Amino acid sequence: MALFSAGSPGKRLQSMPPDDLVEKAIWQLEVCNACRYCEGYCAVFPAMERRQRLTEPDVYYLANLCHDCRPCYYACMYAPPHEFAVNIPQTFSEVRRRTYSRYALPGGFTGLTGTNFRLLAMVAALSLLFFGAVVALTSDPAGIFSVHDGPGAFEEVIPYAAMFLPAVLMALYAVVAIVIGVVRFWGETRGPLRDLFDLRALVGAGADALTVRFMQGGEDNGCYYPGEGASKSRWLLHLLVFWGFIFAFIATSIAFVYQDILGTPAPYPILSLPVMFGSVGGIGMIVGATGLVYLKWRSDPAPSDQVSAAMDYSFLAVLDLAAITGMLLLGLRGTPAMGSLLIIHLAMVFALFVTAPYGKLAHFVYRYLALVQNRIEARQQP
Ligand code: SF4
Ligand code: SF4
């Protein structure tokens, strides 16, 4: 195969792909830059073509701009078993996984991102122990299996302060760690933080993120999931998870106002705003997360990174469990199952919060930053 001739700028591409992840990504992208067959598929290839020379920060930026939709793998004449072994979706999945550990703090935790399942399981187990201990120390443990009804029923199982204070601390911790990740990622991949305050780019990237625009494929026909053939199913399921999460967040925020500002304790009636938002969000997350697990299980392993896939499974499983226990809590709150469901639900939500800066949930932040940068670059392009 004679893609690059001796003496051309691409001469070094005649050697085999390097082992180092970033060098391997740059090597593959240089093949793409010479080929350019996939430039209509997504924002990644035009962004790559805007660069005369690719650097390590460029690789982190481009990998987070990638939505893993995979047509570039199935169309590629240099994909395995070709000796060039170009596999952009798989390489970018590995780079994204490294992004979460590279930019997250504290550094001591970052090694755990590769084993996100263990981190999630450990935090969920510790949270279960914590709430179990709270119940044992503050009330009669047998009360977990009793019927509690009316306003303040949850607090009869777990004191409000034991739910509220750890939740606030964990949320603050997650927000601080994510903000530090934002500053570090932007500083390295783009430059001065002031560039981030570009209203047009922020709004445009917001629209890209809210519609998951780049998961719809180059010709608006969807992702190549679960196999070689375009489908909108992954895009739709991802939208359900994303908007379900936003609705659940809105429900929690309204509940906070009811409880702490208006002085009305939970649980709330079925036709109240927290329950209606929470129910729509919970159903969206259950359908979306369960569907994404199924799609992933059926998907072609060749363009995927198996460690990233394990991270995705564990995140989706905990998200699904948090939503399922939330909906069960709503349906069974007048029964003896309420106490144990409340404890399990809180433990799952805590596991999501604590691992947010280091796990799959963080992809939203880095992808949004990459979308902002893409908007700025596309606008500045002559
Ligand atoms: S993925 Fe393959 S076909 Fe697509 S631009 Fe790169 S080298 Fe060319
Ligand atoms: S997987 Fe999709 S988003 Fe990623 S580089 Fe390929 S075509 Fe672009």
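**Exercise on a loop residue**

Decide whether Arg 70 is buried, exposed or partly exposed.

*Solution.* Arg 70 has 2% relative accessibility and therefore counts as buried; the term means under 20% relative accessible area, with exposed being over 50% and partly exposed in between (1.4 Å probe, protein chains only). The model is predicted: local features need pLDDT of at least 70, side-chain atom pairs count only at pLDDT 80 or more, and totals for chains, interfaces and linings use all residues. Side-chain values use heavy atoms, with hydrogens and water left out; residues are numbered from 1 along each chain as its sequence is written, while chains are lettered from A and ligands numbered from 1 in the order in which they are written. The position of Arg 70 is the loop between H3 and H4; helices (H or I, at least four residues) and strands (E, at least two) are DSSP runs, numbered from the N terminus. Turning to the backbone, phi of Arg 70 is near 80°, which is positive although the residue is not glycine.

**Exercise on the ligand 2 shell**

Identify which residues surround ligand 2 and which elements give two or more of them.

*Solution.* A residue is near a molecule or strand if one of its heavy atoms lies within 4 Å of it. Applied to ligand 2, this yields Tyr 41, Cys 42, Phe 45, Cys 66, His 67, Asp 68, Cys 69, Arg 70, Pro 71, Cys 72, Ile 88 and Pro 89. Two or more residues each are given by helix H4 (71-74) and helix H5 (88-103). For the classification, Ala, Val, Leu, Ile, Met, Phe, Trp, Tyr, Cys and Pro count as nonpolar, Asp, Glu, Lys and Arg as charged, and the others, Gly among them, as polar. The shell around ligand 2 then comprises nine nonpolar residues, one polar and two charged.

**Exercise on the ligand 1 shell**

State which element gives the most to the shell around ligand 1.

*Solution.* The shell around ligand 1 consists of Val 31, Cys 32, Cys 35, Arg 36, Tyr 37, Cys 38, Cys 72, Cys 76, Met 77 and Tyr 78. With three residues, H1 gives the most to this shell. By class, the shell around ligand 1 has nine nonpolar residues, no polar one and one charged. Cys 72 appears around ligand 1 and also around ligand 2.

**Exercise on aromatic pairs**

Describe the geometry and surroundings of the pair formed by Trp 27 and Phe 84.

*Solution.* Rings of Phe, Tyr and Trp (its six-membered ring) pair if their centres lie within 6.5 Å; planes under 30 degrees apart count as stacked, over 60 as edge-to-face and the rest as tilted. The structure contains 18 aromatic pairs. In one of them, Trp 27 and Phe 84 meet edge-to-face, at 5.2 Å centre to centre and with 85° between the planes. This pair links distant parts of the chain, 57 residues apart: Trp 27 belongs to helix H1 (residues 21-35) and Phe 84 to the loop between H4 and H5. Trp 27 is buried at a relative accessible area of 2%, and Phe 84 is buried at 5%.

A further edge-to-face pair is Tyr 60 with Tyr 103, at 5.9 Å centre to centre and 85° between the planes. Because Tyr 60 lies in helix H3 (residues 56-65) and Tyr 103 in helix H5, this pair ties together parts that are 43 residues apart in sequence. Tyr 60 is buried at 0% relative accessibility, as is Tyr 103 at 2%. Ring pairs also join Tyr 60, Tyr 100, Tyr 103, Phe 185 and Tyr 366 into a cluster.

**Exercise on the nonpolar core**

Determine how many residues the largest nonpolar core has and which element gives its largest share.

*Solution.* A nonpolar core is a set of buried Ala, Val, Leu, Ile, Met, Phe, Trp, Tyr and Cys residues joined through side-chain atoms within 4.5 Å. The largest such core has 53 residues, and Leu 62, Leu 65, Val 86 and Phe 92 have the most contacts inside it. Elements that give two or more residues to this core include H1, helix H2 (44-49), helix H8 (160-189) and helix H14 (363-380). H1 provides the largest share, eight residues. At least three residues of this core come from each of domain 1 (11-102) and domain 2 (105-380), the bounds being taken from an automatic or database domain assignment.

**Exercise on cis peptide bonds**

Locate the cis bonds that lead into Pro 81 and Pro 226.

*Solution.* The bond from Pro 80 to Pro 81 is cis, with omega near 15°, and Pro 81 sits in the loop between H4 and H5. The bond from Tyr 225 to Pro 226 is cis, with omega near 0°, and Pro 226 sits in the loop between H9 and H10.
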